[in-house]
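Here are my notes on the model, set out as numbered points to be read beside the sequence and the structure. They begin with a pocket and then turn to the sheets, the helices and one loop residue.

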Amino acid sequence: MKVSLRKAYGEALVEAGKNDSSIIALDADLCKSTMSILFEKEFPERFIEMGIAEQNMTSMAAGLAIAGKTPFINSFAMFNTGRNYDQIRQSVCLPKLNVKICGSGCGFSDFGDGATHQALEDVSLMRCLPNMTIIVPADAEETRKAVEASLRIKGPVYLRINRVDVPVITNPENSLEIGKPYTLKDGKDYVIFSNGIMLHKSLEAANKLSESGISVKVVNVPWVKPLDEKEIINLAKGAKGVVVAEEHNKYGGLVSAISEIMACDGNVRVKCVAVEDRFGTSAENYDVLLNKYGLTSERIIDVIQKFSD
């Protein structure tokens, strides 16, 4: 069964709001899409509709944080990291304020609106900012945990939320410890580090490869920043190669994060399955774009099979 990450986010925000009266939700005229509308219905006095004004929304959130509140600002991922980048840098990250940024409809999941709405560089933008934490959940269960985890962090957090319903593949029993990667499938020949929708594709690829005798470990990396570098190196130890799969430009996101860590261990080669430095485009559905840009289990299989070339 496929479950909505957006709905899971909205429900988790409501639950958090019941336990913490300091939480305030702000939205940039997209509450029905980001699902912050659930918070508005439950706590109308703690919801602020900002209109199409992400810059102002971020500045107001900074002021609320200074006043002791815990603001969650909501918009599409492209606009909640791009239009307000200056305010996030100067007013939130520089003073390390307790502002939570929800980027909804990330990657190609807003397939109908085209390149202007498809965030393929948002993780890169947020990752280069000091004091920023980045969480990329793979399913609804992990999204709920990500909201809870963000509240344990006293500082800026970026939550990257998919627009499309996806199956739950993470273990509900597992906690979401800050910076920790999680092994979903064990293997000894190759390692795939992934998150978001590409974690699903990675598991599909690993299962298919096992049928031909290739053993692949699949590691979930919901924390792009911070990231336990020693654990990443340990997980890759002894592997013939590492593949990083993410729904993002290959520059600046998880591919870069893992490659930088692997540079400390020259015995492991790294390849990627990511967007090859291109903008998106509109399409009739999500799968069309994932196929067009090579974000598929078949592509991961091909990269692993050609590793020795």
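1. In this predicted model, the lining of the largest pocket is made up, by class, of six nonpolar residues, one polar residue and five charged residues. The residues that line the largest pocket are Lys2, Val164, Asp165, Val166, Pro167, Ile197, His200, Lys201, Glu204, Tyr286, Asp287 and Leu290, and the volume of this pocket is about 200 Å³.

2. Which elements supply at least two residues each to the lining of the largest pocket? They are strand 8 (166–167), helix 8 (197–210) and helix 11 (286–292), and of the lining the largest share, four residues, is contributed by helix 8.

3. Helix 8 also belongs to the description of a five-stranded sheet, which is open, has mixed pairing and follows the order 9-11-10-13-14. At its edges are strand 9 (182–185) and strand 14 (270–275), each of which pairs on one side only, and neighbouring strands of this sheet are turned against each other by 25° on average, with direction ignored. Within the sheet, strand 10 (residues 190–194) pairs with strand 11 (residues 216–220) in the parallel sense over five bridges, and Tyr190 has Val216 of strand 11 opposite to it.

4. Two helices pack on this five-stranded sheet, and they are best taken together. Helix 8 touches strand 9, strand 10, strand 11, strand 13 (241–249) and strand 14, and its direction makes about 165° with that of strand 11. Helix 9 (residues 229–236) touches strand 9, strand 10, strand 11 and strand 13, while its direction makes about 145° with that of strand 10.

5. Another open sheet is formed by seven strands in the order 3-2-4-5-7-6-12, again with mixed pairing. Strand 3 (47–49) and strand 12 (223–225) stand at the edges with a single partner strand each, so one side of each has no neighbour in the sheet. On average, and ignoring direction, neighbouring strands here are turned by 20° against each other.

6. In the seven-stranded sheet, strand 6 (residues 133–135) and strand 7 (residues 157–161) run parallel and are joined by three bridges, with Thr133 standing opposite Val157 of strand 7. Helix 4 (residues 54–66) packs on this sheet, where it touches strand 2 (23–27), strand 3 and strand 4 (70–76), and the direction of helix 4 makes about 170° with that of strand 4.

7. How do helix 4 and helix 5 (residues 85–93) lie with respect to each other, and at what angle do their axes cross? The two axes come within 9 Å and cross at roughly 5°, which means that helix 4 is roughly parallel to helix 5. In this contact Gln55, Thr58, Ser59 and Ala62 of helix 4 meet Gln87, Ile88, Ser91 and Val92 of helix 5, and the residues involved divide into three nonpolar, five polar and no charged.

8. A last point concerns His117, which is found in the loop between strand 5 (100–104) and helix 6 (122–127). Leaving aside residues up to four places away in sequence, His117 touches Phe76, Met78, Phe79, Gly105 and Asp110. From Tyr85, by contrast, His117 is separated by 32 residues in sequence and by 16 Å in space, taken from C-alpha to C-alpha.

Terms used. Residues numbered from 1 in each chain as written. Predicted model: local features only at pLDDT ≥ 70, side-chain atom pairs only at ≥ 80, totals over all residues. Heavy atoms only, no water. Pairing = 2+ DSSP bridges. Axes fitted to C-alpha atoms, helices over the stretch in contact; angles between N-to-C directions. Contact = heavy atoms within 4.5 Å. 1 Å grid on protein atoms, 1.4 Å probe; cavity = no way out; pocket = protein on both sides within 12 Å on 5 of 7 lines; lining within 4 Å. Points joined across faces, edges and corners; volume = space filled by probe spheres on them. Nonpolar A, V, L, I, M, F, W, Y, C, P; charged D, E, K, R; others polar. Parallel < 35°, antiparallel > 145°, perpendicular 65-115°, else oblique.
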